[in-house]
Each structure stands twice: as structure tokens, then as C-alpha cells.
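Reader: I keep meeting words such as "buried" and "edge-to-face" in descriptions of proteins. Could we go through one structure together, and could you show me how each word is earned?

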Amino acid sequence: MSFGDRLSDALYGTGWATVKRLPEPVATRLGRTLADLAWRRRGPAVLRLEANLARVVPDAGPERLAELSRAGMRSYLRYWMESFRLPTWSEQRVSAGCAIADIHRVTDALAAGRGVVLALPHLANWDLAGAWVTTALKTPFTTVAERLRPETLYDRFVAYREGLGMEVLPHDGGAAFGVLARRLRAGGLVCLVADRDLSASGIEVDFFGETARMPAGPALLAQQTGALLMPATLWYGDTTMHGRVHPPVEVPVSGTRAEKTSVMTQALADAFASGIADHPEDWHMLQRLWLADLAPAAGAPGGGTA
């Protein structure tokens, strides 16, 4: 394990061990202070966030973009402060922490024995939403986690999410897909963060007027298992996180599997875009996303490895 990997693991370990013990007002102030410090430093992640937000809010001038990126960093650090503290929250606190509109679309389908693929972008706190599903709805679900370096850091994330009641699979392609398909055929719930492709088989979509690539998995799972595919979007309020479950994405009646997957993934992208446009400050996309940015010129924002 390299020094950088050991340092990353130690920093996250310290966060989980220390922040969860802080009084909540102190943790909130700490998160905001760290966010403002990172924003003032104008490092690559902040510049990439600002460049991404420029696509979402194309009419924003430099001052507005700066305001949005500062709010975005505060939202991002709120996510981390909440995540470090979530294992200590009571069931009542988790249940009161979310208000999700149209969740009946999910619960009605599951009650009827129909599997559901719930697809989300990186908005607000998807871990809190997952804890709310397992706690307030008493509904287990399966998800996947990106392999992180070092392996010990990945293990921390898996243990953390499993502690919140989730079944977590490694993002290892076909093996994970097969397990997800079995869960859906049994009438279960699968939740996937799906606004950024992590494989070489992503689907090109129009996203805020430019081409991006999103994962094919949600659409393929729905086609192969008969599960309903539903987009969901989240956003932060002052003390509560809000969300909405969008109407199901229909499987086209004609076309090849690839054509159907493309149409369905574009529908997901459109639903994600609507939620992101309404709450751009809560979109935690600090990596390159659009194809035009995947091979940026030297010195461009976000030129490092995502």
C-alpha cells in the first residue's frame, strides 16, 4: 500500500471515528468551515465542480458560478458530515431526516411483487436516502459500490453501508449484474447511483446540451427482469433532505436491445437533469463527466484522474 493510500485510509478512518462523536452543531460548523476553506483554495475539484455547473446554469456569470460552487462545496461537506454521523442516528432521527414525494410508486410496485430499479444522480445524500428506505420503509435493497484504493478504504465504505441495512456488491461487472437480476426477479429493490459511467460500456446521452456517458445497467436490468425502472432526485432543505420518485421509464415496444437501452438511459438522463437544474448546488459532481472533458488540455480544470 502506498503512502498516499495509507493517508487516505487514515483520514477517512479519523473522520468516522471523530466526527460522529461531535455535537451536531459543532459538526455542522466544521463541515461548513472545511467547505469554505476548500472553495477559497480553488483546487482542481472546485474548478471542476464550477465547470460542470456552468453547463447546468449556462446563463450564470462568474459571480453566480462562484456562489453556486461555494454552496456546492458546503452541500458536499454536509454529505460527508452526515455520512460520518449516520451510524449513530436513531431510527426516529433517520425517519425524520427525509421527506420523499411519490414514494408510493416504489412501495406499490414492491407490494405487487414487482422488482424496482431506483436510479439516482449524485444529489444531496444518497446514503441517508438509503438508510431512510431501510429504516422508515423497512425495505431492504441491494446496491453496488465502486472499488476504491486502498482496499481497506473500500472495506470501510462497504461496512458503513451494510451497517445502514444495505446489501452492497462490488462494482465488478457481470458478477454484480447477475446478483442484481436475481434480486429483481424475486421482487426486490435495487438502488443505483447512475449519472456517471464507471465502465467502458456506457451509453451516450444528451445531458444539458452536450454528450455524456451514463451506465447501461439500470435499463438492461429492467429489460431483462421485468422490473420497473424509476428515476429519483434529492435535494437539501435547511434541516431535512427532500426527494422525489419520478414516473417509471417505460421499455420501448420495438427496437433492438441496444436501441431500447439508449432510449431508456436518455429518459433517465432527462429526469436527472430536471432535478439537477432545480437544485444545482446539491449536485456533487467534482469529476469530469462530459465527453468533451475526458481528455482536457493541460492545465484545464479537472485535468487530473477522476
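Author: Let's start with disulfides: this structure, which is a predicted model, holds zero of them.

Reader: What makes a pair of cysteines a disulfide?

Author: The two sulfur atoms must lie within 2.5 Å. The count here is zero, so no pair of cysteine sulfur atoms passes that cut-off.

Reader: Why is Cys 98 called buried?

Author: Buried means under 20% relative accessible area. Cys 98 is at 7%, so Cys 98 counts as buried. Cys 191 is at 9% and therefore counts as buried too.

Reader: Why does Phe 208 count as partly exposed?

Author: Partly exposed is the range between the buried cut-off of under 20% and the exposed cut-off of over 50%. Phe 208 has 23%, so the label is partly exposed. Its sequence neighbour Phe 207 has 0% and is therefore buried.

Reader: How do you know that the rings of Phe 207 and Phe 208 are edge-to-face?

Author: Two values decide it. Ring centres must lie within 6.5 Å for a pair, and planes over 60 degrees apart count as edge-to-face. For Phe 207 and Phe 208 the centres are 4.9 Å apart and the planes are at 70 degrees, so the pair is edge-to-face. The rings of Trp 283 and Trp 290 give 6.1 Å and 80 degrees, so that pair is edge-to-face as well. Trp 283, at 1%, counts as buried, and so does Trp 290, at 0%. The structure holds eight aromatic pairs. There is also an aromatic cluster formed by Tyr 76, Tyr 79, Trp 80, Phe 84 and Trp 126.

Reader: Which residues have the most contacts inside the largest nonpolar core?

Author: They are Val 106, Leu 189, Phe 207, Leu 234 and Trp 283, in a core of 89 residues. Helix α4 (residues 62-85) gives the largest share of this core, eight residues. Leaving aside neighbours within four places in sequence, Val 106 is in contact with Val 116, Leu 118, Leu 189, Met 230 and Val 245.

Reader: What makes strand β8 (residues 228-236) "mostly covered"?

Author: Eight of the nine residues of β8 are buried. Strand β8 also has partners on record here. Four bridges join β8 to strand β2 (residues 116-120), and these two run parallel; Leu 118 stands opposite Met 230 in β8. Five bridges join β8 to strand β9 (residues 241-245), and these two run antiparallel. Leu 234 stands opposite Gly 243 in β9, and a hairpin of four residues joins β8 to β9.

Reader: How do you know that β2 and β8 pair?

Author: Pairing needs at least two bridges. Four bridges join β2 to β8, so the two strands pair.

Reader: Is Asp 282 buried or exposed?

Author: Asp 282 has a relative accessible area of 4%, so Asp 282 is buried. This residue lies in the segment after α11 (257-278). Leaving aside neighbours within four places in sequence, the contacts of Asp 282 include Ser 75, His 122 and Trp 235. The C-alpha atoms of Asp 282 and Leu 123 are separated by 5.3 Å, although the two are 159 residues apart along the chain.

Reader: What lies 3.0 Å from a polar atom of the side chain of Asp 282?

Author: The backbone nitrogen of Tyr 236 does.

Definitions and conventions:
Residues numbered from 1 in each chain as written. Heavy atoms only, no water. Core = buried A, V, L, I, M, F, W, Y, C linked by side-chain atoms within 4.5 Å. Buried < 20%, exposed > 50% of the residue type's maximum accessible area, 1.4 Å probe, protein only. Contact = heavy atoms within 4.5 Å. Polar contact = N/O pair within 3.5 Å; in protein donor to acceptor, adjacent residues only side chain to side chain. Phe/Tyr/Trp six-rings, centres within 6.5 Å; stacked < 30°, edge-to-face > 60°.
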